[in-house]
Amino acid sequence: MTITDMPQNAAPSSPVSRTPTAVSDAPEFVSGAAGAVSETGKRKTIKPKRDRFVAALPYFAAVFGMLVGGIGFATSYHTLQKQALAWGFGEDLSRWFPIGVDASILAFLALDLYLILKAIPWPVLRMAAHGMTAATIWFNASAQGDLAADPVKSASHGVMPLLFVIGVEAARRLFIQKAQLEAGTAADRIPLHRWILSPVATPRFYRRMRLYGVTSYPEMIRRQQDLIAYEQWLKRKHQGDLGQASEDERLPMKMAAYGYTVAQALALPEQQEREAEARAEEAERRRRDADTRREVAEKRAEAERLEADGDLESVRARVEGATAQARAHARAQAGAAERAAELEGQALETAAVAEALARAAEAEHREAQEREAAAAADLRAAQKRKDAAEADRLAVAETQAVETAAIAEAREAAAEANRRAAETERAAAETQRATAEANRKAVEEELRREVALADIARAKKEAAEAERAAAETRRAVSEIEARAAEADAAAKLTPRQRSVRRVARMALAAGLVPDSLAYDNIHHELCELVSIADVQLAADVSSTDTASKYRQEAVALLADGYRP
């Protein structure tokens, strides 16, 4: 038998522990007071006449209480009025003084009863009413003169207010008891015979009832009986030595002073263990929640870090793409500059030839100019001769006025012939100069035509060589791609791995030699040779982020020794 298997230790007819009920439903007292409840626990039937009499009692009490109060206040009024006149209140105030004193008693008592009915009692009102009642009794008693001389007369005037207050206190008690019964908080009183028969244990009994809210006296008796029965059972179990009992077994004796029943005290260890387990489970739940929150925070931070890395990689890819495009543009510009320099060198060679031809044309031009100058000199000499002839003619005409007309005409004809000869020489010289200029222009045009034909032929030759080199490159790339495709198919690679290998082969085909390079150098060279746009086209992807990852994986693949 365990601790909780304690045998029944109370009488079978003892009431069980329950919430206190109204007086009419209260369990039978241990003392067995007659007329309350039958053995079956049911209320005895009250006779109709007695029931009507009991119902009429409050009305009788109210009528006679009002009569006593009216008589008391009437006698008190006259007495207090006379006393107020004697105290100097005056004719008018002396009539109101007793009304104020007695009305304050009524007002305070009425307010106290009203607040009790509303379940919000205020003890100050009751004390104020009792104080005013004591003052009224004193005023009435002292109004009869010396109290020691005639105490009966003084008491007769003071007893009427006291009787009214006693009636109000009775009504107040009735209201309070009714309210407690309706609320289920009415407390039983300990019978007087218990105080007389057990004067030492009853105060402790009363103290436990009031401290721990046990309102039922039979319930407290049952608890005491249970404790005594349990203690006797425990002694019998351990052959009268309670020292052998465990701490849990002695709990009912220890906890009885704190309002615990035997069952409650015995259930304490198990209850506390359950509560400790609940606290441990709650602590474990909070710890798991904290771990979960920490893991969630770490994963969220990791996700944010990965997003930041992705953003950084995307920006790096865009920058690398822009850098690759800029480098390609720079390489194109450098190629164009080299081509321009080569063409310029060729143009210089062509210009040297043209310059030689120009110098030859210039020499011919100078010869033509010299011939033109000679013709002009001859023309000037002819003109001089003409002028000299004219001068001779004039001189002859002046000196020989008698010369005949025939001689003069002959001389004039000779001069005219000289003039026409000079003009003919000048026209011939002009013709020679024009012919030399036309020859020079023809030579220059022929030289330009030959230079243009040479450039066209050279461009065609370079284009043919470039096309042949491109065809060779395409053929080599096609062979490499075919071999790589066969190797990828044999290795059963995923589409992503095939795309990465294709990017690596593009770098190798573009001239990358990774054998003597470190990882960073391979990455740098591959980024220069293969742009993001090339990776997107080769791998058939639209995301620059994915293309950048493919390129990084291709770098790692080449660094690991991949050679198709």
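**Figure 1. Gln239, an exposed residue in a loop of the predicted model.** At 67% relative accessibility, Gln239 counts as exposed, because that value lies over the 50% cut-off. The model shown here, as in every view below, is a predicted one. Gln239 sits in the loop that runs between H7 and helix H8 (251-255). Take a look at the backbone here too: phi of Gln239 is near 55°, a positive value in a residue other than glycine.

**Figure 2. The whole protein chain, for orientation.** Before we zoom in again, what is the make-up of the protein chain in helices and strands? There are 14 helices and zero strands, so the pattern read along the sequence is α-α-α-α-α-α-α-α-α-α-α-α-α-α. Of its 564 residues, 24% count as buried. If we take the contacts between residues at least 6 apart in sequence, 60% of them join residues at least 24 apart.

**Figure 3. Asp112, a buried residue of helix H2.** Here we are in helix H2 (residues 90-117), where Asp112 lies. Is Asp112 buried or exposed? With a relative accessibility of 1%, Asp112 counts as buried, because the cut-off for that class is under 20%. Which residues does Asp112 touch, once its neighbours within four places in sequence are left aside? The contacts are with Trp122, Leu125, Arg126 and Arg172.

**Figure 4. The buried side of helix H6.** Helix H6 (residues 201-211) has Thr202, Phe205, Arg208 and Met209 as buried residues. These four cover an arc of only 125° around the axis, and so they are on the same side of H6. What do the buried residues of H6 pack against? Their partners are helix H5 (192-197) and helix H7 (217-237). Follow the chain a little further and you meet Gly213, just after H6, with a positive phi of about 65°.

**Figure 5. The second largest cavity and its lining.** The structure holds two cavities of 30 Å³ or more, and this view shows the second largest, with about 90 Å³ of space. Its lining brings together Arg208, Met220, Arg223, Gln224, Leu227, Pro252, Ala256, Gly259, Tyr260, Thr261 and Val262. You may recall Arg208 from the previous view, as one of the buried residues of H6. Which helix gives the largest share of the lining? That is H7, with four residues. Sorted by class, the lining has six nonpolar, three polar and two charged residues.

**Figure 6. The largest nonpolar core.** This core has 21 residues, and Leu526 and Leu558 are those with the most contacts inside it. Four helices each supply at least two residues of this core: helix H11 (495-509), helix H12 (519-529), helix H13 (532-539) and helix H14 (544-559). The largest share, six residues, comes from H14. To explore the surroundings of Leu558, leave aside its neighbours within four places in sequence; Leu558 is then in contact with Ala504, Ala507, Leu508, Leu512, Ile522, Leu526 and Arg563. Apart from the largest core lies another core, of eight residues, including Leu234, Ala245, Ala256 and Leu266. Ala256 also has a place in the lining of the second largest cavity.

Key:
Residues numbered from 1 in each chain as written. Predicted model: local features only at pLDDT ≥ 70, side-chain atom pairs only at ≥ 80, totals over all residues. Heavy atoms only, no water. Buried < 20%, exposed > 50% of the residue type's maximum accessible area, 1.4 Å probe, protein only. Contact = heavy atoms within 4.5 Å. Arc of directions from axis to C-beta. 1 Å grid on protein atoms, 1.4 Å probe; cavity = no way out; pocket = protein on both sides within 12 Å on 5 of 7 lines; lining within 4 Å. Points joined across faces, edges and corners; volume = space filled by probe spheres on them. Nonpolar A, V, L, I, M, F, W, Y, C, P; charged D, E, K, R; others polar. Core = buried A, V, L, I, M, F, W, Y, C linked by side-chain atoms within 4.5 Å.
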